[in-house]
Amino acid sequence: MSFRLTLTACVMAMIGALAALLLFVQVRTLDLVTEDAATSTMDAASRSSVSFLQLQIEMLSRMARALAFSPALMESATPSESSPAAGLIKGNLAQWPALDSIYVGYDNGHWLQVQRLDGLAGSQRDRVGGPPEAAFAITTTQWLDGKELPTRRVFQDKSGNQIGQVEIQPRGYDARQRSWYIDARRSGQLVTSAPYLSFNLNVPMITFSTPVDGTTQGVVGIDLKLDSYSRSAPTMKLGESGYQVMFDSHSVLIAHPKYASLFDRTSADPVAPRLPSVYDLQDTLEGEIIAGWNKSSPYWRKQSWKGREYFARIETIALSPSVTANVLLVAPQDQFAKEIRALNRKAQIWAIMACLVFIPAAWIFGTRMSKTIGAITAEADRLQAMAPPPAAAIGSFISELGTLGETIHKAQRAIWSFSRLAPREIVRGVLDNSISTELGGTRREITALFTDVRGFTSIAENADPDVLMQQTSRYFTALTDVIMAHGGTVDKFIGDAVMAFWNAPNPQSDHCERACRAALRAKAANEEINLLFEAEGLPPFYTRFGIHVGEAVIGNLGSSERMNYTALGNVVNLAARLEGLNKQYDTQILISEAVYARIKRRFDCRFVDTVTAKGMTVATRVYEVISESRDGTTGSGGPVAS
């Protein structure tokens, strides 16, 4: 898509969006939007509540089944507070804050219960007894010859330490006569009870029970305290002031924001203590909604109450094959209208802003395109600097700019990769056309440096090829980093040797000093990396250097299809010969007399010998470079030639 066409399409899209926005504001009324928003929000909240409740029921059911099939409960019908069954039950109970207790009753009448105490208070806590700091109560009841024995109740703290115990005289509790036990044994599967008043605490409960059929037979029960569930369920609140109510098919309340206060009232009923029900919600909003419910599911209603409008939704779900729950959601209309009115105001503001933005839109669009082009230009500059390419190309929804950005990115990656395969200064010279890509060269004075690793042939014979390749690459990296840092051009790697030169392709007035300084720094870098090699169990590489200065032919050598920028001449050969003399004189950095004459005021050198190396026609004095002088005076440290 061209720039002009893209700009036109963008402007037309903006006009269309503005027209659609204005039409939307005109057509949609506040009441309709409010009702739609309330419907969708409450539908989603209802689904979330139902899903959460079903998930909890499923997890509690799985817990009950898992306990029923555990060997600790199936193989012993004489449980105690120290039995594996008690520990297993307590571990499961600790995972559910809304659970009151988990227990198991057996066909011989024996009964084991582990009860949570940290959520009890007031009369409920007084019924259990024990020290105030107790976190769990473990109760065991045994029967002998058809008679109930005294009940033993042990109290433990959060760490499981026993901190008290009581003995309770027979109280007529027979688990085998309780409905949760009878129903589970009769059905042979998991049973969910309707809400009821518990025997021990006299509080509303729902029990999940399942039979135990092993060496012994019995029933596992899990008690869910309804007042605790109403406090802990995260779905009880809907928005700022909405709430949730749950009740079963017999109109008994399961969850309510004020469940505790409702139960306080019903438990003090003059006739008899009873569970809270929907009949206790008379003269309340939720009571009015339930009274008008036609038993359909889902059920939707808008209700006026004390001068405010409310939305209500009721959905029925099955807790078990025999127990159903009805979930009622209630929320005030202004809870949604407040958001919709704010949305309506924002829509009007956006409509005005769209009109205001329409005029400079084309200018802004052009500016963005300019920035994109500027970014591409900056990447082109980075290309010439051979900087690493970014992770991704500069993109644009305009095809031409996108293609250009991709092309620049590919070129940048190619140049950067090329600069790692060839000396960076040579690549830069090719880019700025200061170095010809034609075969041939020119004469120029250079300082040539040759290196070699002492005993590399023996090292290579005894080394693993892959390990040797990696070690040699690390060694070359250490040396070439130093050489390039001092302006040298790394020509090539010849086995374990490095050939480098200075004063080409760019002139350097101090090229001899640079070469000697680089050799000293490379020697230090070699010593540092040898420490790493030895720590890794690898043989060290000891490097010898030879440096000579003289004229050479610098240019492209090779064929028309493949060429190499290199140096040819006797100066290169003599540098290699000097490197080889290190072995004869047990030295490390040897330089020729020509190099010494140029660097003697800045480096400490030691006269070694007067030699006629292979390739030389006259004798030359050879020196070892010891260090760089700190004060700029002529170095000594051995016989020094005048």
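These are my notebook entries on a predicted model, covering its overall make-up, one strand, two buried residues, the salt bridges and the cysteines.

**Entry 1: the whole chain**

I began with the totals. The protein has 642 residues, and 47% of them count as buried. I then looked up the secondary structure and found 17 helices and 25 strands. For the surface, I noted an exposed area of about 32,300 Å², with carbon and sulfur atoms supplying 55% of it. I also checked how far along the sequence the contacts reach. Taking contacts between residues at least 6 apart in sequence, 60% join residues at least 24 apart.

**Entry 2: strand E10**

Next I picked a strand to follow through its partners. Strand E10 covers residues 204-213, and nine of its ten residues are buried, so the rest of the structure largely encloses it.

Which strands pair with E10? I found strand E8 (residues 191-192), which runs antiparallel to E10 and is joined to it by two bridges. Here Val 191 stands opposite Ser 209. Strand E9 (residues 196-197) also pairs with E10 in the antiparallel sense, again over two bridges. In that pairing, Tyr 196 has Met 205 as its bridge partner.

Strand E11 (residues 217-225) is another antiparallel partner, and nine bridges join it to E10. I noted Ile 206 opposite Leu 224 as one facing pair to look at in the viewer. The connection between E10 and E11 is a hairpin through three residues.

**Entry 3: Pro 276**

I wanted a loop residue as well, and chose Pro 276. It lies in the loop between helix H8 (259-267) and helix H9 (285-291). Is Pro 276 buried or exposed? Its relative accessibility is 0%, so it counts as buried.

I then listed what surrounds it. Leaving out neighbours within four places in sequence, Pro 276 is in contact with Pro 204, Val 252, Leu 253, Tyr 259, Leu 262, Phe 263 and Thr 266. For Leu 253 I also took the C-alpha to C-alpha distance to Pro 276, which is 5.7 Å, although 23 residues separate the two in sequence.

**Entry 4: Thr 472**

For a helix residue I went to Thr 472, in helix H14 (residues 465-485). Its relative accessibility is 9%, so Thr 472 counts as buried. Which residues does Thr 472 contact, leaving aside neighbours within four places in sequence? I found Phe 456 and Phe 541.

**Entry 5: salt bridges**

How many salt bridges does a search of the whole structure find? The search gave 20. I wrote down a few of them.

Arg 443 forms a salt bridge with Glu 551, with 3.5 Å between the closest N and O atoms. This pair links distant parts of the chain: Arg 443 is in strand E18 (residues 440-453), Glu 551 is in strand E21 (residues 543-558), and they are 108 residues apart. At 61% relative accessibility, Arg 443 counts as exposed.

Asp 452 and Arg 544 meet in another salt bridge, at 3.7 Å from N to O. Here too the link is between distant parts of the chain, with Asp 452 in strand E18, Arg 544 in strand E21 and their positions 92 residues apart. Both Asp 452 and Arg 544 are buried.

I also noted the salt bridge between Lys 492 and Asp 491, at 3.1 Å from N to O. Lys 492 is partly exposed, with a relative accessible area of 26%, whereas Asp 491 is buried at 9%.

Last in this entry is a network. Its salt bridges link Glu 513, Arg 517, Arg 521, Arg 602 and Glu 628.

**Entry 6: cysteines**

I finished with the cysteines. A disulfide is a covalent bond between the sulfur atoms of two cysteines. The structure holds zero of them.

Why is Cys 512 not bonded to Cys 516? The sulfur of Cys 516 is the closest cysteine sulfur to that of Cys 512, but it is 6.8 Å away, which is too far for a bond; the cut-off I used is 2.5 Å. Cys 516 is in no disulfide either, and the nearest cysteine sulfur to its own is that of Cys 605, 6.7 Å away.

I checked burial for both residues. Cys 512 is buried, with a relative accessible area of 3%, and Cys 516 counts as buried at 0% relative accessibility.

Methods
Residues are numbered from 1 along each chain as its sequence is written. This is a predicted model: local features need pLDDT of at least 70, side-chain atom pairs count only at pLDDT 80 or more; totals for chains, interfaces and linings use all residues. Side-chain values use heavy atoms; hydrogens and water are left out. A salt bridge is a side-chain nitrogen of Lys or Arg within 4 Å of a carboxyl oxygen of Asp or Glu. Helices (H or I, at least four residues) and strands (E, at least two) are DSSP runs, numbered from the N terminus. Buried means under 20% relative accessible area, exposed over 50%, partly exposed in between (1.4 Å probe, protein chains only). Contact means heavy atoms within 4.5 Å. Accessible areas come from the Shrake-Rupley method with a 1.4 Å probe; for residues, only the protein chains shown count as cover. Two strands pair if DSSP finds at least two bridges between them.
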